[in-house]
Amino acid sequence: MNIRTISSRLRGAAALVLLPALALTACGSGGTAGTGPVGAQSPAPTDDPVAAVREVDSVAALLPADVRKAGTLRIGSSIGFPPGAYYPDGPGKPPAGQDIDITDAVAKVLGVKAVRQDASFETILPALGSGKYDVGTGNFGVTTQRLKTVDFVTYINDGQGFAVKKGTTTLKKKVTDLTQLCGLTIGTGAGTTFETTLTAQKDVCAKAGKKPYEVKVYSENGATLTALQQGRIDVIMSTINGLRYQASQPAAQTAFLGEYHRLDVGFAFKKGSPLTKAFQAAVNELIEDGTYARILKKWGTTASAIDTSQINPPEHT
């Protein structure tokens, strides 16, 4: 083996070491905290639009008396990948991201402290029903199925998209129909809307007389992107904003294939929670005073802005 070959292989290995920190699976529809080296990620923006947010008495008054007295809200938080929520300085350090800023701003409007508890994406919604958390965050998409057991207060419009390895010839254009994926292997996150969508429509290829697609589900963020780069999957299905961010990072070597299906994203609560009206009013306060727009500008997600927060809107069709 010559020196050039050795050098090439070492560079390839180094690139794979960087992948976990850039990877994502489906927060917003799924995902777990990344464990890769922080040096592979862009540092968090330094501006702080949440700093100036103050309690609004008329909104805080909508909270149940026991919550106001306690002064805290238990937040079950899935820390996955930028720009939603991630660890720019590594696990054990404060998380950052759009979801973190919006949650902290809502808590300040309500005059309470957000006590964040890290949790894997797929465990949060069931834990709401048991009372372990007051609120769940993790870029949870509002779907008809989830609305049967969970209440939502919306704060952004994100959704489903696809990405491939940069330079691939497998898929070259936006995915508008799942039959474009026939014969391919798709990687996505456990317990996500992506997994649900792919599973529910797994017969589309047979109906079209084509070879079915295969779905591989990953519980770790790094595993999905590594699988793509190593050729074990052909395409990733994940969040629109997350895939856009990923494609902007040179070390990821991915290409975003566009939006497939938009979904409202919201704070999640147990069914019948008395907190929803207060959260809706707090989000709308942030929209009205401009804080919301500044947070989205900070994280490059202005295109996903909503005009007003809703409680349990129907799933986008």
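Buried, for this talk, means under 20% relative accessible area. Phe 267 meets that definition, and so does Phe 279. We will come back to both. One caveat up front: this is a predicted model.

Let's start with the sheet. Eight strands form it, and it is open. The order runs β2-β1-β3-β8-β4-β7-β5-β6, with mixed pairing. Which strands stand at the edges? They are β2, residues 113-118, and β6, residues 214-218. Each has a single partner strand, so one side of each is left without a neighbour in the sheet. From one strand to the next, the twist averages 30°.

Look at the β6 edge. Strand β5, residues 185-189, runs parallel to β6, and five bridges join the two. To find the register, take Thr 185: its bridge partner in β6 is Glu 214.

Now the helices on the sheet. Helix α9, residues 240-247, packs there and touches β4, β7 and β8. Its direction makes about 135° with that of β8. Helix α5, residues 121-130, lies across β1, β3, β4 and β8. Against β3, α5 runs at about 130°.

Next, the aromatics. The structure holds six aromatic pairs. I will show two. A pair of rings is described by the distance of the centres and the angle of the planes.

Pair one is Phe 121 with Phe 140. Their ring centres are 4.6 Å apart and their planes sit at 20°, so this pair is stacked. Phe 121 belongs to helix α5 and Phe 140 to strand β3, so the contact ties together parts 19 residues apart in sequence. Are these two buried or exposed? Both are buried.

Pair two is Phe 267 with Phe 279. Here the centres are 5.1 Å apart and the planes are at 70°, so we call the pair edge-to-face. Phe 267 is in strand β8, while Phe 279 is in helix α10, residues 276-289. They are 12 residues apart, and the pair links distant parts of the chain. As I said at the start, Phe 267 and Phe 279 are buried. They also have company: Tyr 155, Phe 267, Phe 269 and Phe 279 form one aromatic cluster.

On to charges. The count comes to eight salt bridges. I picked three.

First on my list, Arg 68 and Glu 55. Their side chains meet at 3.7 Å, N to O. Arg 68 sits in helix α3, residues 65-70, and Glu 55 in the loop between α1 and α2, so this bridge ties together parts 13 residues apart in sequence. Arg 68 counts as partly exposed, at 41% relative accessibility. Glu 55 is partly exposed too, with 39%.

Next, Asp 203 and Lys 207. The closest N and O atoms of this salt bridge are 3.3 Å apart. Asp 203 is partly exposed at 34% relative accessibility. Lys 207, at 68%, counts as exposed.

Last, Glu 259 and Arg 262. Their salt bridge has its closest N and O atoms 2.7 Å apart. Glu 259 has a relative accessible area of 24%, so it is partly exposed. Arg 262 has 18%, so it is buried. What else joins this network? Arg 244 does, linked with Glu 259 and Arg 262 by salt bridges.

That's the tour. Questions, please.

Methods: Residues numbered from 1 in each chain as written. Predicted model: local features only at pLDDT ≥ 70, side-chain atom pairs only at ≥ 80, totals over all residues. Heavy atoms only, no water. Pairing = 2+ DSSP bridges. Helix = DSSP H or I, 4+ residues; strand = E, 2+ residues; numbered from the N terminus. Axes fitted to C-alpha atoms, helices over the stretch in contact; angles between N-to-C directions. Contact = heavy atoms within 4.5 Å. Phe/Tyr/Trp six-rings, centres within 6.5 Å; stacked < 30°, edge-to-face > 60°. Buried < 20%, exposed > 50% of the residue type's maximum accessible area, 1.4 Å probe, protein only. Salt bridge = Lys/Arg side-chain N within 4 Å of Asp/Glu carboxyl O.
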